[in-house]
Each structure stands twice: as structure tokens, then as C-alpha cells.
Amino acid sequence: MQAYCVKCRDKRDMNGPRDETTKNGKPIIKGTCPTCGTGLNIIGKTMAEMS
């Protein structure tokens, strides 16, 4: 699963992606960048929708 890393300025594969929900109830996938460790997010999707 890939997301854009703002620190690396490139698309990276997420480490440890997991489904979560924002305060207003929207689905979000959270993970970390394998290169720099920055948090990566994909808003509006779940892991089931991405596979």
C-alpha cells in the first residue's frame, strides 16, 4: 500500500498500515514511512477497499 511522504517527497510503501477513524467518522489508513519514519495517511479509504 503506497502513500505520499511529505518529508521524502515521494510515494512510499507503508509500514504497519492499519484502519482508523477520524473524529468526524471518516475512514483513514495510517502507517509509517520505511525511510524516514514519518506518519503516512490515506483519507477516505479502508484497507478492504484498497485490496
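**Entry 1: cysteines**

I began with C33, whose sulfur has its closest cysteine sulfur in C36, at 3.7 Å, which is too far for a bond. The model is a predicted one, and I kept that in mind while reading each distance. From the side of C36, I noted that the closest cysteine sulfur belongs to C5, 3.6 Å away, and that this too is too far for a bond. Because a disulfide requires a pair of cysteine sulfur atoms within 2.5 Å, neither the 3.7 Å between C33 and C36 nor the 3.6 Å between C36 and C5 qualifies. I therefore record zero disulfides for the structure. I also looked up the accessibility of two of these cysteines: C33 is buried, at 3% relative accessibility, whereas C36, at 31%, counts as partly exposed.

**Entry 2: salt bridges**

I then searched the whole structure for salt bridges and found two. In one of them R18 pairs with E20, and the closest N and O atoms are 2.9 Å apart. In the other, the side chain of K30 meets that of E20, with 3.8 Å from N to O. I placed K30 in strand β4 (residues 27-32) and E20 in strand β3 (residues 15-21), so this pair ties together parts that lie ten residues apart in sequence. Since the salt bridges share partners, I write down R18, E20 and K30 as one network. For the accessibility of the three, I have R18 as partly exposed with a relative accessible area of 41%, E20 as partly exposed with 31%, and K30 as partly exposed with 30%.

**Entry 3: Q2 and its surroundings**

Next I turned to Q2, which I located in strand β1 (residues 2-5) and which, at 42% relative accessibility, counts as partly exposed. Leaving aside residues up to four places away in sequence, I listed K11, R12, D13 and I42 as the residues that Q2 touches. With R12, which is ten residues away along the chain, the C-alpha separation from Q2 comes to 5.3 Å. With D13, I noted a polar contact of 3.5 Å between the side chains.

**Entry 4: the backbone at R9**

Last, I checked R9, where phi is near 60°, a positive value in a residue that is not glycine. I placed R9 in the loop between β1 and β2 (10-13), and with a relative accessible area of 67% I entered this residue as exposed.

How values were computed:
Residues are numbered from 1 along each chain as its sequence is written. This is a predicted model: local features need pLDDT of at least 70, side-chain atom pairs count only at pLDDT 80 or more; totals for chains, interfaces and linings use all residues. Side-chain values use heavy atoms; hydrogens and water are left out. Helices (H or I, at least four residues) and strands (E, at least two) are DSSP runs, numbered from the N terminus. Buried means under 20% relative accessible area, exposed over 50%, partly exposed in between (1.4 Å probe, protein chains only). Contact means heavy atoms within 4.5 Å. A polar contact is a pair of N or O atoms within 3.5 Å; within protein, one must be able to donate a hydrogen and the other to accept it, and residues adjacent in sequence count only if both atoms are side-chain atoms. A salt bridge is a side-chain nitrogen of Lys or Arg within 4 Å of a carboxyl oxygen of Asp or Glu.
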